[in-house]
Amino acid sequence: MAFENPDNTASNGMYRCSAKLMCDIDVRGEWTPIRYPKSYLGGDFVSMTLDGNGKKITNLTVNGDAYLGLFNMYYGTVKDLTIENMTINGTYDLGAIAGSFCGNILNCNVNNLKIKGYKVDTYAKTIDSLQSYYDISMQ
């Protein structure tokens with residue numbers, strides 16, 4: 001999965017990029033969250049769109065301290081994506097799609113998510129409306 005090059009005609013310091021999944025992804029192991037590209041663009045803001053295209057990302061384990069999920073941070077829209085069999089072990093800012101999330105989630109599902117951390121917040125606050133099973137524990 002790769003994001004297209006940002007639009008070089010950004011307005012108000014806002015760049016836009018997008019990606020579309022073309023097949024299911026079975027990670028089968030440890031996942032390093034995709035880093036929010038802000039630092040790569042000299043501090044300019046990036047609005048991303050991830051079109052899951054009805055595909056699944058499965059069997060992820062994310063370990064670390066903070067900002068853990070498929071992405072570390074995310075601003076934009078995620079749509080038509082299913083995440084299954086995900087375990088997140090961290091301290092704070094933990095969530096299936098992103099550790100820190102601002103934007104829109106459209107037609108997404110999260111199944112069999114296990115989050116363990118001291119402070120589970122951001123996306124995790126709304127997780128129960130997006131999935132059929134989860135186990136969130138705070139240590």
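Let's start with how far to trust what you're looking at: this is a predicted model, and the protein chain has a mean pLDDT of 76, with 68% of its residues at 70 or more. That confidence isn't spread evenly. Among the elements of the chain, strand S2, covering residues 25–30, has the highest mean pLDDT, at 95. At the other end of the scale sits strand S9, residues 131–138, with the lowest mean, 42. The pLDDT is below 50 over residues 121–139, and in the model this stretch has 55 contacts beyond near neighbours in sequence.

Now for the overall layout. If you go looking for helices, you'll find zero of them; the secondary structure comes to nine strands. Read from the N terminus on, the elements simply go β-β-β-β-β-β-β-β-β. The chain has 139 residues, and buried ones make up 40% of them. On the outside, the chain exposes about 7300 Å², and carbon and sulfur atoms supply 45% of that area. There's also plenty of long-distance company along the sequence: take the contacts between residues at least 6 apart, and 69% of them join residues at least 24 apart.

How do some of these strands line up? Strand S5, residues 71–89, is a good place to look. S5 pairs with strand S7, residues 98–106, in the parallel sense, over eight bridges. One spot to find on screen is Gly-76, whose bridge partner in S7 is Gly-103. S5 also runs parallel to strand S8, residues 109–117, and seven bridges join those two. Here you can pick out Asn-89, which stands opposite Lys-116 in S8.

Asn-89 leads us nicely to another residue, Asn-63, found in strand S3. Asn-63 and Asn-89 are 26 residues apart in sequence, yet their C-alpha atoms are 4.9 Å apart in space. Their side chains meet as well, in a polar contact of 2.9 Å. Asn-63 has a second polar partner in Glu-30, with the two side chains joined by a contact of 3.3 Å. Leaving out residues up to four places away in sequence, Asn-63 touches Glu-30, Leu-68 and Asn-89. So is Asn-63 buried, exposed or partly exposed? Its relative accessibility is 36%, so Asn-63 counts as partly exposed.

Stay in strand S3, residues 45–63, and you'll come across Thr-58. Thr-58 is buried, because its relative accessible area is 12% and the cut-off for buried is under 20%. Which residues does Thr-58 contact, once neighbours within four places in sequence are set aside? They are Ile-25, Asp-26, Val-27, Arg-28, Glu-84 and Asn-85. Thr-58 also has a link to Asn-59, in the form of a 3.5 Å polar contact between the two side chains.

One more stop in S3 is Val-46. With a relative accessibility of 0%, Val-46 counts as buried. Tyr-36 lies ten residues from Val-46 along the chain, and their C-alpha atoms are separated by 8.3 Å.

With strands in mind, one general point may help as you turn the model around. In a regular strand, side chains alternate between the two faces of the sheet. To recap the stops in S3: Thr-58 is buried, Val-46 is buried too, and Asn-63 is partly exposed.

Notes
Residues numbered from 1 in each chain as written. Predicted model: local features only at pLDDT ≥ 70, side-chain atom pairs only at ≥ 80, totals over all residues. Heavy atoms only, no water. pLDDT = per-residue confidence, 0-100. Helix = DSSP H or I, 4+ residues; strand = E, 2+ residues; numbered from the N terminus. Contact = heavy atoms within 4.5 Å. Buried < 20%, exposed > 50% of the residue type's maximum accessible area, 1.4 Å probe, protein only. Areas by Shrake-Rupley, 256 points an atom, 1.4 Å probe, with all protein chains shown as cover. Polar contact = N/O pair within 3.5 Å; in protein donor to acceptor, adjacent residues only side chain to side chain. Pairing = 2+ DSSP bridges.
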